[in-house]
Amino acid sequence: MTAPVDALDPVRAELLRAARASADAVLDRTRAAAAETLRAARATAEAVLTRARELGEADGGAEAARERVRGRQDAWAVELAARADVYAALGAAVRAGVRRALAEDAVSQSRLAEVARALLGAEARVVAAAEGGVTAEVPGRRVDLSADALADRALDRLGLQAETLWGPP
């Protein structure tokens, strides 16, 4: 017995292809931006540490230790802010790519509506989402197959792979 064919497979494949292509492009840009930001943050941290060493020689070891801690904390805060910016840019690019892919393929919209009805039943009220895709409801249940929701779920599936944004290419 063969497995049933899922009508959404071509849509999923195209969305995944478009999202991966968009993500790859964004990853290339964000890796470069993240590397530059990290380089600058590390340079700033090194400058702060150098200044802390100078202060330590002049004012004593205790003050230098406090300054080094502050320098590391400042550098870490800059790095975390850079990571948040990069991840936000990736999310925006993936959402835009999924919206574009859905806008270019009217069949996807009808397939998403079919999937929504398959999940909730034929009585489901299916509504086109403003940015592409659909949402559907029956009393007590709701399915969100909007472009942004599909993109966000794809990003969520990255999980720990998102950490590769901060590492070397």
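How many bridges join E1 to strand E2? Four of them do, and the two strands, with E2 covering residues 133-138, run antiparallel. One example: Val126 has Ala136 in E2 as its bridge partner.

Before going on, a word on the model: it is predicted, so local features need pLDDT of at least 70, side-chain atom pairs count only at pLDDT 80 or more, and totals for chains, interfaces and linings use all residues. Residues are numbered from 1 along each chain as its sequence is written, and side-chain values use heavy atoms, leaving out hydrogens and water.

Now the sheet. It is open, with three strands in the order E1-E2-E3 and antiparallel pairing. (Strands pair if DSSP finds at least two bridges between them; strands are DSSP runs of E with at least two residues, helices are runs of H or I with at least four, and both are numbered from the N terminus.) E1 and E3 sit at the edges, each pairing on one side only.

| Edge strand | Residues |
|---|---|
| E1 | 125-128 |
| E3 | 141-146 |

From one strand to the next, the twist averages 15°. Helix H4 (residues 147-158) packs on the sheet and touches E2 and E3, making about 85° with the direction of E3. (Contact means heavy atoms within 4.5 Å; axes are lines fitted to C-alpha atoms, for helices over the stretch in contact, and angles run from 0 to 180 degrees between N-to-C directions.)

H4 also meets helix H2 (residues 61-104): their axes come within 8 Å and cross at roughly 135°. H2 and H4 are therefore oblique to each other (under 35 degrees is roughly parallel, over 145 roughly antiparallel, 65 to 115 roughly perpendicular, and the rest oblique). Residues making this contact include Tyr87 and Leu90 of H2 and Leu155 of H4.
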